[in-house]
Amino acid sequence: MIRGDSKDYELLEKWTKDFDCQGYKSCEIGVREGLGSKIIMDNVVNNYIHVGVDPYGNLNYQHYDNTGSYTCDYTDDMRDTMLNDFKSYRNQGKFTLCNMTDTQFMNDSEHRHSKFAFVHFDGPHMTKDVITEAVWFANRSVPGTRFVFDDYPTYDMTLIERILSFYQFKTREQGNNKLLMEHYG
Ligand SMILES: C[S@@+](CC[C@H](N)C(=O)[O-])C[C@H]1O[C@@H](n2cnc3c(N)ncnc32)[C@H](O)[C@@H]1O
């Protein structure tokens, strides 16, 4: 069974249901066991491919602005289980894992020239990391692109909303845990 570790998955389902990716890619930063990616792949339409970005490897890193570094349970065994669970999606060319950090992904030439219609931000939860990711994807967005931020109360979402307003993104809806922004250009 593919599980998630967060809340507001029903909102993620609502925001992806029949969402037209216009032939562009979707992405989830931070895949873990895969529930977020599964919901996206099961609901969006006209998606070029869904890209999951996750280094796994049980890394020791600072998760939040106000904590120290520690490890969780994001092991390579978890990655292998996820890859097995997503076998049919992979065989259909619907899913690919970039087994690397967000920073490595953003420097990867294969993806630097892509456009993204939907992004779920659920990797590092430090404000500076989410800002870096959000600006990188905003520069690769199209009119109608949707960004969903998980655990947004744990970082400075107000600052991120302000920054993204300069890229023509507006907050459309929010739950207790997830927040949706959309490119209105
Ligand atoms: C909160 S979990 C993701 C939960 C998942 N999206 C879901 O809905 O079930 C966070 C994930 O982020 C990954 N992660 C940690 N540092 C990362 C980084 N620098 N770049 C990308 N992913 C990272 C972890 O390995 C972990 O799997």
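A polar contact is a pair of N or O atoms within 3.5 Å. By that cut-off, a backbone N or O atom of Arg32 makes such a contact with the ligand, because it lies 3.3 Å from an oxygen atom of the ligand. The model is predicted.

Two side chains also reach the ligand with polar atoms. For Tyr9, the partner is an oxygen atom of the ligand, whereas for Asp122 the partner is a nitrogen atom of the ligand. The three contacts are set out below.

| Residue | Atom of the residue | Atom of the ligand | Distance |
|---|---|---|---|
| Tyr9 | polar side-chain atom | oxygen | 2.8 Å |
| Arg32 | backbone N or O atom | oxygen | 3.3 Å |
| Asp122 | polar side-chain atom | nitrogen | 2.7 Å |

Taken alone, the ligand exposes 600 Å², and the protein buries 95% of that. The ligand is surrounded by 19 residues, and the closest are Tyr9, Gly30, Asp54, Asp102 and Asp122. By class, the shell around the ligand holds 8 nonpolar, 5 polar and 6 charged residues.

The ligand sits in the largest pocket. The volume of this pocket is about 660 Å³. Its lining counts 39 residues, of which Tyr61, Tyr74, Asp122, Gly123 and Pro124 are the closest to the centre of the pocket. Asp122 is thus named among the closest residues both to the ligand and to the pocket centre. The lining divides into 15 nonpolar, 12 polar and 12 charged residues.

Several elements contribute to the lining. At least two residues each come from β1 (25–29), α2 (35–43), α5 (102–106) and α7 (127–138). The largest share, 3 residues, is supplied by α5.

Terms used:
Residues numbered from 1 in each chain as written. Predicted model: local features only at pLDDT ≥ 70, side-chain atom pairs only at ≥ 80, totals over all residues. Heavy atoms only, no water. Near = heavy atom within 4 Å. Polar contact = N/O pair within 3.5 Å; in protein donor to acceptor, adjacent residues only side chain to side chain. Areas by Shrake-Rupley, 256 points an atom, 1.4 Å probe, with all protein chains shown as cover. 1 Å grid on protein atoms, 1.4 Å probe; cavity = no way out; pocket = protein on both sides within 12 Å on 5 of 7 lines; lining within 4 Å. Sits in = over half its atoms within 2 Å of the grid points. Nonpolar A, V, L, I, M, F, W, Y, C, P; charged D, E, K, R; others polar. Points joined across faces, edges and corners; volume = space filled by probe spheres on them. Helix = DSSP H or I, 4+ residues; strand = E, 2+ residues; numbered from the N terminus.
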